[in-house]
Amino acid sequence: MFKTIRNAWKLPELRRKLLFVIFALLIFRLGAAIPVPYINTEYLQQYISANSGTIFGLLNTMSGSALSHATLFALSIQPYINASIIIQLLTIAIPALERLAKDGGEEGKKKIQAITRYTTLAIGLLQGFGYYTLIKSYGLVTNTGIWAALVIVVSFTAGAVFLMWLGEQITEFGVGNGISIILFTGIVSRIPAMLQTVVTDVKNYFIDTSALTEEQIQTLAAHKMHPLIAVLLVVGMLALIVFIVFITNSERKVPVQYAKRVVGRKMYGGQSTHIPIKVNLSGVLPIIFAQSIAMIPATIGMFVPSSQQEGSGWHTFLSVFNSTSALYAVIYFLLIIMFSYFYATIQFNPVEVANNLKKNGGFIPGFRPGRPTAEFLGKVLARLTFFGAIYLGIVAILPIITENITGIVNMSIGGTSVIIVVGVALETVKMIEAQMLMRHYKGFLE
C-alpha cells in the first residue's frame with residue numbers, strides 16, 4: 001500500500017489529487033474541533049464516556065469523537081448515509097425513481113443526487129433536534145432559550161450538510177469514495193486515544209491496591225487489563241486484518257471464450273479471458289448501511305428525554321438495542337446479509353453481462369449464449385454473495401460475542417471499526433492503482 005502511494009506521488013496529476021484529499025481531511029478534522037456554543041462539553045464527555053459501550057459510543061467513534069465534544073461535525077456523515085439508504089430503497093420501490101435512475105442518463109443521476117441532498121438536510125435537522133433534546137434533558141445546555149436551540153440545531157445540521165458536500169468534492173476531485181474516506185479518517189483519528197487507554201489499563205493491573213479504599217479499588221477494577229489479554233487482543237486484531245484482506249482480494253474467475261470472426265481480410269476474436277467476480281462484491285457498504293439502520297432506535301430515543309431514565313419504557317426499549325445485546329447482534333447480522341445481496345445485484349447484473357457477451361461473440365464454455373449464460377452467472381453470483389455476506393456478518397458480530405464473554409468494553413465498536421478501516425483502505429488503494437494503470441506508469445507495471 002505504501003509503495004503504491006509513493007509511486008502515485010511521483011505522478012503530478014495524482015499528486016494533486018492526493019494533496020486535495022489531504023487538504024479536505026484537514027478541513028474535516030478542523031471542523032471536528034470547533035465546539036458548538038451553549039453546550040457544556042465537559043459533562044457531555046463524561047456522559048458519552050460512561051455510555052461508551054452503547055450505541056452512543058459507536059456514534060462517537062464514527063464521528064471521530066466529535067459527538068462527545070459537541071463540535072460542528074458531531075452528526076458526522078450519518079445523515080447522508082441514511083438518506084442514501086432511503087433513496088436507493090425507494091428507487092427500487094417507486095417505478096418513477098427507477099426509470100429516472102436507469103433511463104435518465106446523466107440528468108437522471110443529478111436529480112437522484114439532488115433528492116438525496118434534500119433528504120440529508122431533512123434527516124440532519126431531525127437528528128440535530130434529537131441531539132439537542134438529549135443534551136438539554138441532562139442539563140448540559142448553558143442557555144435554554146429559543147435562540148440557543150436554533151443555533152445548536154442549525155450548527156449540527158450545517159456541519160452534516162457540509163460534510164456531505166466535502167465528501168462529494170473528494171470523490172470528484174480526489175481519489176476514492178469521499179464519504180468512505182471521511183468515515184475512515186474519523187475512526188483512525190481515535191486510534192491514539194484507544195492505544196493510550198489500553199496502555200493505561202495494563203499499567204493499572206500492576207498497581208498495589210493495599211493502600212487504596214474500597215471505592216478506589218472498584219474504580220480501578222473497571223479500568224485494568226491483564227497484559228496477556230492485551231497481547232491476545234493485538235494478535236486477534238492483526239489476524240482479523242489479514243483475514244479481511246484475504247477475503248476482500250478473493251474472486252471467482254469465470255472463463256470466457258470469444259469466437260473467431262473474419263472482418264475483411266482480418267480475423268478477430270479467438271482469445272480466452274475471464275470475468276472476475278469478487279467474493280465480497282459489496283465491499284464495506286453493507287457494514288456502514290447496516291450500522292445506520294441499527295442506530296435508528298437510538299436516534300429515535302434522542303427525541304424522548306425519558307429514554308435515559310432507568311425503569312422507563314423507552315430506556316428498556318433502547319437497552320434491548322444496545323450494541324452488545326443479542327437482539328442487536330441478530331438484527332445487525334441480518335441487515336448485513338440483506339444489504340450484501342442488495343448491492344451485489346446493483347453492481348453485477350447477470351442478464352446485462354450475458355447480453356454484452358452475446359453481442360461481442362463471447363460465451364462461457366459449456367453454456368449457450370443468452371439466457372443459459374445469465375442463469376449460470378446468477379447462480380455464481382448468488383453463491384458468492386451468500387459466502388461474502390456470511391463472512392461480513394460473522395466478522396461483524398464476533399467482537400460482540402467476545403465482548404459478552406470477556407466483559408471488555410468497546411470490543412464491538414472496535415471490531416466494526418476495523419472492518420470499515422481495512423475495507424476503505426483497500427478500496428482506495430485499488431482506485432489509485434487503477435488510475436496509475438490507465439496512465440501506463442512503467443515503474444508501477446514492473
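1. A quick word on terms before Ser 76: helices here are DSSP runs of H or I with at least four residues, numbered from the N terminus. With that in hand, Ser 76 sits in the loop between helix H4 (55-62) and helix H5 (78-93). Keep in mind throughout that we're looking at a predicted model.

2. Is Ser 76 buried or exposed? Its relative accessible area is 4%, and the cut-off for buried is under 20%, so Ser 76 counts as buried. Setting aside residues up to four places away in sequence, Ser 76 touches Met 62, Ser 63, Ala 160 and Leu 163.

3. Stepping back to the whole chain: I see 20 helices and 5 strands. The chain has 446 residues, and 46% of them are buried. If you take the contacts with a separation of 6 or more, 72% are between residues 24 or more positions apart. As for the surface, about 23300 Å² is exposed, with carbon and sulfur atoms supplying 66% of that.

4. Now the inside. The largest nonpolar core runs to 90 residues, and Tyr 131, Ile 287, Tyr 332 and Ile 420 have the most contacts within it. Helix H18 (residues 371-406) provides the largest share of this core, at 12 residues. There's also a second, separate core of 7 residues, with Leu 18, Val 175, Ile 432 and Met 436 among them.

5. Ile 420 deserves its own point. Apart from its neighbours within four places in sequence, Ile 420 is in contact with Met 62, Leu 183, Ile 187, Val 284, Ile 287, Ile 288 and Gln 291. Two of those names come up elsewhere in this note: Met 62 is also touched by Ser 76, and Ile 287 is listed with Ile 420 for having the most contacts inside the largest core.

6. On to the second largest pocket, which holds about 1500 Å³ of space. Its lining has 36 residues, and Gln 88, Ile 112, Gln 113, Tyr 343 and Ile 346 are the closest to the pocket's centre. By residue type, the lining breaks down into 17 nonpolar, 12 polar and 7 charged.

7. Which element gives the most to that lining? That would be H5, with 7 residues. Other elements giving two or more residues include helix H6 (95-103), helix H7 (105-137), helix H8 (146-173) and helix H16 (326-347). To tie this back to the start, H5 is also one of the two helices on either side of the loop that holds Ser 76.

Technical notes:
Residues numbered from 1 in each chain as written. Predicted model: local features only at pLDDT ≥ 70, side-chain atom pairs only at ≥ 80, totals over all residues. Heavy atoms only, no water. Buried < 20%, exposed > 50% of the residue type's maximum accessible area, 1.4 Å probe, protein only. Contact = heavy atoms within 4.5 Å. Core = buried A, V, L, I, M, F, W, Y, C linked by side-chain atoms within 4.5 Å. Areas by Shrake-Rupley, 256 points an atom, 1.4 Å probe, with all protein chains shown as cover. 1 Å grid on protein atoms, 1.4 Å probe; cavity = no way out; pocket = protein on both sides within 12 Å on 5 of 7 lines; lining within 4 Å. Points joined across faces, edges and corners; volume = space filled by probe spheres on them. Nonpolar A, V, L, I, M, F, W, Y, C, P; charged D, E, K, R; others polar.
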